[in-house]
Every structure is written in structure tokens, then in C-alpha cells.
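The following exercises concern a single protein structure. Each consists of a task and a solution worked out step by step.

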Amino acid sequence: MVNNPINIFDLDRIKLESFFINLGEKPFRARQVLNWIHQRFVTDYNQMTDLSRSLREKLAEYTVTDLPKIEHQYDSTDGTRKWLLRLSCGNCIETVFIPEENRGTLCISSQVGCILNCSFCSTGKQGFNRNLRTSEIIGQLWLANESLKQSKANSQAITNVVMMGMGEPLANFNNVVTAMNLILDDFSYGLSWRRVTLSTAGMVPGIDRLRVVCPVSLAISLHASDDKLRDVLVPINKQYPLQELLAACHRYVIGNNKRIITFEYVMLAGVNDSPYHAQQLAKLLKDFPAKVNLIPFNPFTNSLYQRSSMDVINVFREVLLKKGIVTVTRKTRGDDIAAACGQLAGQVKDRTHRFN
Ligand code: SAH
């Protein structure tokens, strides 16, 4: 084995093709290897029977197939499953599978901890350690597939992927895009862009780059419709205020009438949940191809906020619906295993830095 072997899980098709060309091999070998690894879940080169023996030996010499390790699996009474995954550096991240009647969504992490510091989010309170590598991002999908395959029921298939776990995906742009390329590629996971959602707290330059290189479905963690309140809840708003954020959202959908942006809005009792706030939100999103997702706040140890009551959430939703804005209240799933939105904490050591 060479000194610095490449982890094959770090490569999407384009990168794998260049790798084979550098080895003096034909680029189509990339498709064969992707098929073995990401569709048949085979990582032992000896089993890749359509590759010559000498090529298998070369692969074993120059590459490894390293993945995070499943440290623990938690099963919720509602069918939600969470995995705590240990990385080679010792830190842990979390991945969640949410089965519904006709789809199964996997919620993937993009960083160890989070660089942002949203005041209502437990991941943010953990601080930030580092960006995940592509292999650690796509590895979550690979491991979840493997784990769910054993429980065979149809309802256990992953049909949708959301980058809504720990971390800010646009702050780890290149590795996240390489992983999403694999998720979208017919030679690996082959999901449609409609079924792959990236959620961001509003990193405007990243939204513009994403539109050009990998325009998957976009979700924005909005949570407030005026800058004063959003500065407190989502501090990156000080850098990219609402008008700039919405302008980037406009650019994201322009010229493609099939695109809608999901705006996530966490319901915090007495903070952002009055009918007045709903009117403001409706005004902000007027004439925009938007869907609003109301998320009842999920409490965690030492959290500063409380969840709005269901009555308050329903009134808020009615205001938006009357203004013609599609609005759904997100069902809280997996809260008995701390797998609900904003509860993912992993185990983050050596916190280095975070945005404030
Ligand atoms: N950093 C990205 C990805 C995280 S997605 C982003 O901000 O979009 C996680 C979603 O859950 C975000 O919409 C986030 O705002 C929301 N969330 C965070 N903490 C929460 C909590 N305690 N209760 C409910 N939703 C929360």
C-alpha cells in the first residue's frame, strides 16, 4: 500500500475517472467501481469480478475504502432511527432516518458541530471542530442503506436525502457538493434533484455557487421576517441580511418555474410566533415561489426557548394560508431519541472556532 492512499469514498464520478486515467486505465472503470460500491455495497476489491486481477491489485495498493463506524443505533417508538457515527479523529456525528407512509428521508450531517451559533439550536451550542470529508458525508448514506437493508420492509427505503443534520452545508461547500454529485449520479445513488434538499442558514455566496454547480432543492432556515430578530436567532444574518438573502433566493429560482424554496420557521413561544409575525412573513414572501415549513421548537438541556402551543401554531399557519402561501407544520419525529430538528449534538471534542 502506498503512503497516502486515496479513500475511494472521497471521489465522485469525475474524480474517479481522473484517478483511473492517471493510473493508465480507461475512465469507464469509474462506473464499474461506483456500481460495486454505491449500488451493490461491496467494498472488497476481490469481489469486483468484472475488474481484472491486476486492476484489483492496483486499487488495493493505491486506495482504501474507509467509512465512519456505527457506534450506536437508536430506534424511536415512531420508527425514526438515529445512528451515532464515530469518525477516525474520535469525534462523533449523527444521522437520522425518518420513515413516512410513502417515503423515507435520511437527514445527513455536514460538519462536526457547527460553525454558526443559532441561539435555538443544540448543534450550535456544541461549537465547531471541523468540516466532514466527502467520504464521511456519503458514508452516512452508505451506512444507513446497509443498516436498513437488514430490516427489509419496503417502508425502510431511502427515497429522499436532506442536508439538515449537524452543521452548515454551505460552509463545507466542496465536500458537500462532491457527496451530492454521488447522490444524484445514476451510476451511484441516482436520486432526482427534487428529492435532495440542502438547508442553509443563509450563506448568500454559497447559494449562488450552488445554483451554478449543483442546483438541488433549497431550504432556508428563516425563523424571523425582520433583521432585528433574525440577527439574534440566526447571527449570520448580520453578515447576509434578509434582503440579500431573498435576492439570492430569487436568483436561485429564476428561469425555472418548477423550483420552489422551502422556508423553515421554528416556532418559539412569545418570540416569533404571533399573528403579527405571520403577517410580516407573508409580506416578505409575497409573490415568491415559496413553501413554509413551521417547525415546533424542540427543547434540549439548557435551551433558552419554549415551544409555541399547537393553537398558536395553527393560528400562525392560518394567516399564511389565507395569504395563499403553502404552509405545513412539520411533525416532530424521533424526539424520544433526541433525533428531532436541532437536537443533534454528536460528540464534539476540540472545538476550535465559531461564527458569532
Ligand atoms: N445549518 C443548516 C442545516 C441545519 S438544518 C440550516 O441552518 O439550515 C436543521 C434545521 O432545524 C434548521 O432549519 C434549524 O434552524 C432547525 N432547528 C435547529 N434547532 C432547532 C430546534 N431546537 N428545534 C426545532 N428546529 C430546530
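A residue is called buried when its relative accessible area is under 20%, exposed when this area is over 50%, and partly exposed in between. The model examined here is a predicted one.

**Exercise 1. Determine whether Ser308 is buried or exposed, and describe its surroundings.**

Step 1. Ser308 is located in the loop between β13 (290-296) and α11 (310-322).

Step 2. Its relative accessibility is 3%, and the cut-off for burial is under 20%; therefore Ser308 counts as buried.

Step 3. Leaving out residues up to four places away in sequence, Ser308 touches Met267, Leu268, Ala269, Asp273 and Ile313.

Step 4. Two of these contacts can be described by atom. The side chain of Ser308 reaches the backbone oxygen of Met267 at 3.3 Å, and it reaches the backbone nitrogen of Leu268 at 3.4 Å.

**Exercise 2. State where UniProt places the feature "active site", and compare the settings of the residues concerned.**

Step 1. The UniProt record, an unreviewed entry, places this feature at Glu94 and Cys341. These positions are spread over 248 residues of sequence, yet they cluster in space, with a largest C-alpha distance of 11.7 Å.

Step 2. Glu94 belongs to strand β5 (residues 92-100), whereas Cys341 is found in the segment after β14 (326-329).

Step 3. With a relative accessible area of 5%, Glu94 is buried. Cys341 has a relative accessible area of 35%, which lies between the limits of 20% and 50%, so Cys341 is partly exposed.

Step 4. Apart from residues up to four places away in sequence, the contacts of Glu94 include Lys82, Trp83, Ser109, Gln140, Met166 and Ala338. One of these partners, Lys82, is joined to Glu94 by a polar contact of 3.1 Å between the side chains.

Step 5. With neighbours within four places in sequence set aside, Cys341 is in contact with Ile295, Asn298 and Arg330.

**Exercise 3. Describe the position and the contacts of Trp83.**

Step 1. Trp83 is part of strand β4 (residues 81-86). At 2% relative accessibility, Trp83 counts as buried.

Step 2. Not counting residues up to four places away in sequence, Trp83 touches Ile93, Glu94, Thr95, Val96 and Phe97, among others. The list also includes Ile70, His72, Leu106, Ala144 and Ser147.

Step 3. The side chains of Trp83 and Ser147 make a polar contact of 3.2 Å.

Step 4. By contrast, Met203 lies 28 Å from Trp83, C-alpha to C-alpha, and 120 residues from it in sequence.

**Exercise 4. Explain why helix α2 is described as largely enclosed by the rest of the structure.**

Step 1. Helix α2 covers residues 29-39, and eight of its 11 residues are buried; the helix is therefore largely enclosed.

Step 2. The buried residues are Arg29, Ala30, Gln32, Val33, Leu34, Trp36, Ile37 and His38.

Step 3. These buried residues pack against α1 (13-22), α3 (53-62), α5 (134-149) and α6 (173-184).

Step 4. Just after α2, Phe41 takes a positive phi of about 60°.

**Exercise 5. Identify the residues at which UniProt places the feature "binding site", and locate Cys114 and Cys118.**

Step 1. In the unreviewed UniProt entry, this feature is placed at Cys114, Cys118 and Cys121.

Step 2. Cys114 lies in the loop between β7 (111-113) and α4 (122-125). Cys118 likewise lies in the loop between β7 and α4.

Step 3. Cys114 has a relative accessibility of 10% and counts as buried. Cys118, at 12%, also counts as buried.

Step 4. Beyond residues up to four places away in sequence, Cys118 touches Lys125, Leu233, Val234 and Pro235.

**Exercise 6. Characterise the second largest pocket by its volume and its lining.**

Step 1. The volume of the second largest pocket is about 260 Å³.

Step 2. Its lining consists of 15 residues, and those nearest the centre are Asn7, Asp66, Ser88, Ser135 and Glu136.

Step 3. Sorted by kind, the lining comprises seven charged, five nonpolar and three polar residues.

Methods. Residues numbered from 1 in each chain as written. Predicted model: local features only at pLDDT ≥ 70, side-chain atom pairs only at ≥ 80, totals over all residues. Heavy atoms only, no water. UniProt positions renumbered as here; feature names shortened; annotations may be inferred. Helix = DSSP H or I, 4+ residues; strand = E, 2+ residues; numbered from the N terminus. Buried < 20%, exposed > 50% of the residue type's maximum accessible area, 1.4 Å probe, protein only. Contact = heavy atoms within 4.5 Å. Polar contact = N/O pair within 3.5 Å; in protein donor to acceptor, adjacent residues only side chain to side chain. 1 Å grid on protein atoms, 1.4 Å probe; cavity = no way out; pocket = protein on both sides within 12 Å on 5 of 7 lines; lining within 4 Å. Points joined across faces, edges and corners; volume = space filled by probe spheres on them. Nonpolar A, V, L, I, M, F, W, Y, C, P; charged D, E, K, R; others polar.
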